[in-house]
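Subject: A structure for you to explore

Hi there,

Here is the structure I promised to pass on to you. Please open it next to this email and look up each place as you read.

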Amino acid sequence: MTFSTLYEIVKHSVAKFSEKIAFSMLGGEDVSYKEVGERVTKVQEMLLGAGISAGDKVAILSSSMPNWGVAYFAVTTAGMVAVPILPDFTGAELDLIIEHSEAKAILVSDKLYTKLSKATIEKMNIVIRTKGLNIISQKVEEQGTQKIPQPDDLAVIIYTSGTTSKPKGVMLTHYNIAAQTTIIPPLFDYNEEDELLSILPLAHTYECTLGMIFPFSRGAHVHYLDRPPTASALMPALAQVRPTVIASVPLIMEKIYRAKVLPTFQKNAFMSKLYSWSWSRKLLHKVAGKQLKKLFGGRMRLFAIGGAKFDSAAERFLLEAGFPYGIGYGLTETAPLLAGAVGNMVRIGSTGPALPAVQVRLDNINPDTQQGEIVVKTPSCMVGYYKNEEATKAAFTKDGWFRTGDLGALAEDGWIFIKGRLKNMIVGPSGENIYPEDIEEVLNSNRFVAESVVTEEDGKLIALVHFDTTELEEAYDEFKHKMAVSAEQLQLKMEEIKRDVMEYVNSKVNRFSKITKVVDNEGEFEKTPTKKIRRFNYDKRNNTKDDSSSDGDKR
């Protein structure tokens, strides 16, 4: 069945799957499809009773829970416009976003309510608590109006959390979002037997579309965690839910590979030698893959990875291990999916081909590298950025294709290979195109490096590195016994490690991608909700760049 509005999706699923469980809170309540419909009506009555009408903006600021979806569906199916807000924004950013969106009401969870200023709360016609769907405060008591939304009606404004820019409000219509339930199935489809474990913020389009709206349209069951997906929270959840599908960012699987898999194969000289041979490495990966499948509950049919570039070594492990993973590529502005690969389609380093309804081409192709900016046409492309005509105009080509801001190459059969962000690219002294992401992948493969950012300073490449303290302590006594070692001795050891890391990287990259300095970045880098580093905070070239594209769901 095809849908053109969120109203059609909700109406269809509430009727067809009424007795099935739609959403569950791990260790908490189960909410059936029928109950979702009843709660949607309840929230609409509260909003309408506070003078909220079709076309008005309603903010949703909440941690993941069954009532997040209820709030989203209540707002959008009444013809109102939902403004889902990522929980990682600061209080000041939240106030600015809510003011910019012109929201008249807000549904908010308890913890995030405390981040809002008194002035923002007082401007709201009504403030509704997501946990119990009860009214926290209401200053307007008059009847609003609702309407059945049409495909071209605005459904949501999503304020992106970009890696290189200030947040912008992406405007998506009902059709933009509903079309995803039609264009994704040739790649992968849900069914009534699917059990999803949701581990990403629902305010992000990646999780909202692939982890809530799409499975809801198919009668699937989604489980929510009440805490961040750390290992201590994730392991018991996997055992309890035994999910068939998880939508994830690369970081989670990369951590499993680096912290659990790789050390096993490098624990002694014999294992390291075995791991260096292709045939034995594949055998070891297959054995590890069986254990990984058990760890994830034994029923996994798709571990979807998107939101950032996936480390090639970790991907090779999944491929050789026979783990059922898939790669997706898209952006908030495209609601999100543009391309993907699952099963036998996957190729290391590629996001797969464009989805059948999506057109892709390269603009401004470099004749030497055959790489250019990826531009697309898709039924799910945004109508623009809210109250930002200049940014909207810059986001499209003259013939109406959307500029992704990603540099890539296309294989003859259409498989897409992404090199990096156009605005991250560094031009070398002789005009060479240098992609920081490629160098960072090499850096991050070093056992002592947890994460890194490569940037340019005074015409030279430098690497900002967050070191893995666990690995340092395991390898060097100085770090195990800091109190017994002088600061000067520790500093000397740290400088030695930096030199070793620099030599390691420079032995593996081309001559114009060699770094000249490694700088210790104390603590983890600041990240977006999809765990991509906010690069503009660490860019030594220009800290005020704007980006025509958001923090999308990019590989």
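Below is what was found in it, beginning with the salt bridges and ending with a loop close to the start of the numbering.

One thing to keep in mind is that this is a predicted model.

**Salt bridges**

Side chains of opposite charge can pair when their charged atoms come close. In this model the count of such salt bridges comes to 24. Here are some to look up.

Begin with Lys104 and Asp56, whose closest N and O atoms are 3.4 Å apart. Lys104 belongs to strand S5 (residues 103-108), while Asp56 sits in the loop between helix H2 (33-48) and strand S3 (57-61), so this pair ties together parts that are 48 residues apart in sequence. Lys104 is partly exposed, at 35% relative accessible area, whereas Asp56 has 14% and counts as buried.

Next, try Arg301 and Asp194, which form a salt bridge with an N to O distance of 2.6 Å. What does this pair tie together? Arg301 is in the loop between helix H13 (278-295) and strand S13 (302-305), and Asp194 is in the loop between helix H8 (180-183) and strand S10 (195-198), so the link joins parts that are 107 residues apart in sequence. Is Asp194 buried or exposed? Asp194 is buried, because its relative accessibility is 1% and buried means under 20%. Its partner Arg301 is partly exposed, at 34%.

Lys498 and Glu495 give you a pair within one helix: both lie in H19 (residues 487-506), three residues apart, which is about one turn of the helix. Their side chains meet in a salt bridge at 3.3 Å, N to O. Lys498 is buried at 12% relative accessible area, and Glu495 is partly exposed at 30%.

**A network around Asp363**

Salt bridges can also be followed through a group of residues here: Arg361, Asp363 and Asp399 are linked in a network. Asp363 lies in strand S16 and is buried, with a relative accessible area of 15%. Its side chain makes a polar contact with the side chain of Arg361, at 2.9 Å. Which residues does Asp363 touch, if we leave aside its neighbours within four places in sequence? They are Gly372, Glu373, Val375 and Thr397.

**The sheet that holds S16**

Strand S16 is part of an open sheet of four strands, in the order S16-S17-S19-S20, with antiparallel pairing. Why do S16 (359-363) and S20 (416-421) each have one side without a neighbour in the sheet? They stand at the edges, and each has a single partner strand, so one side of each is left free of a neighbour there. From one strand to the next, the twist averages 50 degrees.

Look also at S19 (residues 402-410), which pairs with S20 in the antiparallel sense over five bridges. For one place to find on screen, go to Asp406, whose bridge partner in S20 is Arg421.

**A loop residue, Glu19**

Last comes Glu19, in the loop between helix H1 (6-16) and strand S1 (21-25). Glu19 counts as exposed, because its relative accessibility is 65% and exposed means over 50%. Not counting residues up to four places away in sequence, Glu19 touches Ser32 and Lys34. Leu6 is 13 residues from Glu19 in sequence, and their C-alpha atoms are 20 Å apart in space.

Enjoy exploring!

Best wishes

Terms used:
Residues are numbered from 1 along each chain as its sequence is written. This is a predicted model: local features need pLDDT of at least 70, side-chain atom pairs count only at pLDDT 80 or more; totals for chains, interfaces and linings use all residues. Side-chain values use heavy atoms; hydrogens and water are left out. Helices (H or I, at least four residues) and strands (E, at least two) are DSSP runs, numbered from the N terminus. Buried means under 20% relative accessible area, exposed over 50%, partly exposed in between (1.4 Å probe, protein chains only). Contact means heavy atoms within 4.5 Å. Two strands pair if DSSP finds at least two bridges between them. Axes are lines fitted to C-alpha atoms, for helices over the stretch in contact, and angles run from 0 to 180 degrees between N-to-C directions. A salt bridge is a side-chain nitrogen of Lys or Arg within 4 Å of a carboxyl oxygen of Asp or Glu. A polar contact is a pair of N or O atoms within 3.5 Å; within protein, one must be able to donate a hydrogen and the other to accept it, and residues adjacent in sequence count only if both atoms are side-chain atoms.
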